[in-house]
Amino acid sequence: MISVASASRERRLPSDKAVPKAEQIYEMVRYAIIRLSMVPGSVISEKELCLQYGVSRTPVREALKRLSDEDLVDVFPHSGTYVSKISFEVAEEGYVIRRALEIESIRRAVQYVTDDDIARLDQLIREMRDILERDALHEYIEVDDAFHSAIAGISRYPRMWKFINLVKAHLDRMRQLSAPVPGHLAEVTEQHAAIVRALERRNADQAELAMKIHLEASFAVMSAMYEDGQYFRRKET
């Protein structure tokens, strides 16, 4: 089994009794799968998860059932439980949904963006550049998500980002795989900067175009990861 420890720093579940243990385990294991700390195809041991988090099998099984429903875990009776391999089709579907919602989000954001919002987005871009300078690529995706989530908040549709998160799990694993591609995240950062400058000009058409260029270029790089094949399912025919 590939442990969740590298993603969760081997910590036990938070002591917040208001959050059910199954929910907490679900969030931690999902995070580890998306960040590739638990690699596609690796075995998941219920017993080890119980020991790691100090819980019974019941919340672990509930969490794994939810992850199975999201197609992030494959459960084979009498055989074992595994981190699912990445489905290109599911990732592509997530991309199409994300693209449609983010284009709507950026156009609305132009109507409501403030100078303080611009300053916050610029701060996130500075954090991205710092990550690149430190070569801490594993940190990039969280700041990237914070950037897009902030735009959803500016659009006054903050739940839009929650809906996007529900459909982009396989896409996020492809994002993680593509992070080390030379020059990719540097280009992504400049695309983010172009989005902010269009917002700053309050130009909806330019903002939409900048977002389209960003999302389409990023997906093209991520799609090339499929050629490796190691972590992917075969495409459906």
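This section describes the nonpolar cores, the salt bridges and the largest pocket of a predicted model.

The largest nonpolar core comprises 42 residues, and those with the most contacts inside it are Leu 121, Phe 147, Ile 151, Met 174, Ile 195 and Leu 199. Helices α5 (88-112), α6 (115-134), α7, α9 (169-178), α10 (184-200) and α11 (204-223) each contribute at least two residues to this core. Beyond its neighbours within four places in sequence, Ile 195 touches Ile 106, Phe 147, Ile 151, Ala 210, Met 211 and His 214. A second, separate core contains 21 residues, including Tyr 53, Val 55, Val 60 and Leu 67.

Across the whole structure, 23 salt bridges were found. Arg 175 and Asp 144 form one through their side chains, at 3.5 Å from N to O. Because Arg 175 belongs to helix α9 and Asp 144 to helix α7, this pair ties together parts 31 residues apart in sequence. Both Arg 175 and Asp 144 are buried. A salt bridge also joins the side chains of Lys 168 and Asp 145 (3.3 Å, N to O). Lys 168 lies in the loop between α8 and α9 and Asp 145 in helix α7, so parts 23 residues apart in sequence are tied together. Lys 168 is buried, with a relative accessible area of 0%, and Asp 145 counts as buried at 12%. These four residues and Asp 172 are linked in a network of salt bridges.

The largest pocket holds about 330 Å³ of space. Its lining consists of 16 residues, with Glu 27, Arg 30, Ile 34, Asn 165 and Asp 172 nearest the centre. Helix α2 supplies the largest share, six residues. By class, the lining has ten charged, five nonpolar and one polar residue.

Definitions and conventions:
Residues numbered from 1 in each chain as written. Predicted model: local features only at pLDDT ≥ 70, side-chain atom pairs only at ≥ 80, totals over all residues. Heavy atoms only, no water. 1 Å grid on protein atoms, 1.4 Å probe; cavity = no way out; pocket = protein on both sides within 12 Å on 5 of 7 lines; lining within 4 Å. Points joined across faces, edges and corners; volume = space filled by probe spheres on them. Helix = DSSP H or I, 4+ residues; strand = E, 2+ residues; numbered from the N terminus. Nonpolar A, V, L, I, M, F, W, Y, C, P; charged D, E, K, R; others polar. Core = buried A, V, L, I, M, F, W, Y, C linked by side-chain atoms within 4.5 Å. Buried < 20%, exposed > 50% of the residue type's maximum accessible area, 1.4 Å probe, protein only. Contact = heavy atoms within 4.5 Å.
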